[in-house]
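The following note is offered to a colleague who intends to examine the binding sites and internal spaces of this model. The points are numbered for ease of reply.

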Amino acid sequence: LSLITVELEDRSYPIILKRGLLSEVGSTLSDMGFSGRAAVVTNPVVEGLYGAAVTGGLKDAGFDPVVITIPDGEGAKTLETASGIYDELIKNKMERSNLIIALGGGVVGDIAGFAAATYLRGVPYVHLPTTLLAQVDSSVGGKTAVNHPMGKNLIGAFYQPKAVFIDPETLKTLDGAELKSGLAEVVKYGVIWDKDFFALLEESAAALTAAPVPTASGDELVKAIERSCEIKAEVVGADERETGIRSILNFGHTFAHAIETGAGYGRFKHGEAVSIGMVMAAELSARLGLCNDSVPARIKALLSALGLPVDLPELSAEALIESMKLDKKVAGGRIRFVLTAELGKVLLKEVDEEELRAFFSVYST
Ligand SMILES: NC(=O)c1ccc[n+]([C@@H]2O[C@H](COP(=O)([O-])OP(=O)(O)OC[C@H]3O[C@@H](n4cnc5c(N)ncnc54)[C@H](O)[C@@H]3O)[C@@H](O)[C@H]2O)c1
Ligand SMILES: [Zn+2]
């Protein structure tokens, strides 16, 4: 068992990481002082796999659980789906003190958190993340959202959960490509914060991707989840609302979002685009003289070893630049990047369009 705290004064909360934790969530929540009705928000896939373990544990601990399912997939992360969740919460007479439990990947977590932030002006909620991405990234930090037809995550709120319960055993059923996608974010933490962690990932790359899916009992993976959560907790604790240092978590993401848009949503998984984006951000850093060439080389080698793509697909540089200019991180026409100084250390820097164009012209040849 490992316990990490996200330190946010009266909004502080624990991240509990333990194999087999899922069935103990009910009793732990009861120990935390919750009782009565609880709404488990999930999707049909995750419900089929883990719904009974969670609701069984809740019942044993004296809770009265109701399950609310939303359709699987990013397409369901809409206001309309949220509205359907409100209908169920109201129908089931959920009150202010009742708990919402998000059981699933980032989609379920983001929308359940959003519903919790807004239903009755805010009810308590906890995360039970079941994808690697959700365990190392989306369940920690209190960003909740739904998508708008004009763009991803445009409607949302910062609203912290009361706890995050991570059971790495749930990763045993996860698709291998989903697992690799989550590993890209794990690598990100090493690059932005902890060079020893990066080196550890280099040593354990083979174990992390052992075919077909690493046994979730693999210590390397559990350790990687733990260290990732510690780093995210520390960064979020220092800057809850992303007015400063929290933006380093966007390392690789400016390029990644442009690639996702340019290639058409769905062609690359988010983590795959982040993988390519991180290599590009490191290459750009080297080109600007901010770090030496060994930094992008090591990042590229590790991501390749983890089975992630590292090469920019054939996309128009102009289209990528245009798309980056529409990104949230633009200040006065110059695009703001998270760039590498050395492994474990990044900096924020604005890069102008001409520089970027020059970079692309050497990069794509
Ligand atoms: N809030 C944040 O800070 C934050 C950070 C990063 C990403 N996100 C959001 O997270 C979302 C992506 O999350 P995701 O990658 O987890 O995708 P996802 O939630 O769509 O899950 C991926 C797939 O895996 C399935 N699944 C989930 N757990 C499983 C399990 N244990 N076994 C088998 N299948 C399982 C799901 O049903 C789904 O089909 C995006 O909407 C993104 O915007 C939010
Ligand atoms: Zn990401």
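**Cavities, ligands and a pocket**

1. Three cavities of 30 Å³ or more are found when the whole structure is searched. The model is a predicted one, and the values below should be read accordingly.

2. The largest cavity holds about 80 Å³ of space. Its lining comprises 12 residues, of which Asn250, Thr254, Arg336, Phe337 and Val338 are the closest to the centre. At least two lining residues come from helix H9 (253-263), and at least two from strand S11 (334-342). By class, five residues of this lining are nonpolar, five are polar and two are charged.

3. Ligand 1 has 25 residues around it, and those that come nearest are Glu74, Gly106, Thr130, Thr131 and Thr173. Three polar contacts of this ligand deserve individual mention. The side chain of Lys77 places an N or O atom 2.9 Å from an oxygen atom of ligand 1. At Lys143 the partner is a polar backbone atom, which lies 2.9 Å from a nitrogen atom of the ligand. Thr173 contributes an N or O atom of its side chain, at 2.7 Å from a nitrogen atom of ligand 1.

4. How much of ligand 1 does the protein bury? Taken alone, the ligand exposes 870 Å², and 85% of that area is buried by the protein. Four elements give two or more residues each to the surrounding shell: helix H2 (44-60), helix H4 (106-118), helix H5 (132-138) and strand S8 (151-158). Helix H2 gives the most, with four residues. Sorted by class, the shell has seven nonpolar residues, nine polar residues and nine charged residues.

5. Which residues coordinate the zinc ion (ligand 2)? The donors are Glu185 through OE, His253 through NE2 and His270 through NE2, at 2.0 to 2.1 Å. Along the chain, these donors follow the spacing E-x67-H-x16-H. Because His253 belongs to helix H9 and His270 to helix H10 (residues 270-287), the pair ties together parts that are 17 residues apart in sequence. Helix H9 therefore appears in two of these points, since it holds His253 and also supplies at least two residues of the lining of the largest cavity.

6. The second largest pocket encloses about 200 Å³ of space. Its lining draws on several stretches of the chain: Asp10, Arg11, Ser12 and Tyr13; Phe158, Tyr159, Gln160, Pro161 and Lys162; and Glu240 with Arg241. Four of the lining residues are nonpolar, two are polar and five are charged.

How values were computed:
Residues numbered from 1 in each chain as written. Chains lettered and ligands numbered in written order. Predicted model: local features only at pLDDT ≥ 70, side-chain atom pairs only at ≥ 80, totals over all residues. Heavy atoms only, no water. 1 Å grid on protein atoms, 1.4 Å probe; cavity = no way out; pocket = protein on both sides within 12 Å on 5 of 7 lines; lining within 4 Å. Points joined across faces, edges and corners; volume = space filled by probe spheres on them. Nonpolar A, V, L, I, M, F, W, Y, C, P; charged D, E, K, R; others polar. Near = heavy atom within 4 Å. Polar contact = N/O pair within 3.5 Å; in protein donor to acceptor, adjacent residues only side chain to side chain. Areas by Shrake-Rupley, 256 points an atom, 1.4 Å probe, with all protein chains shown as cover. Donors = N, O, S within 2.8 Å, 3.2 Å for Na, K, Ca; no water.
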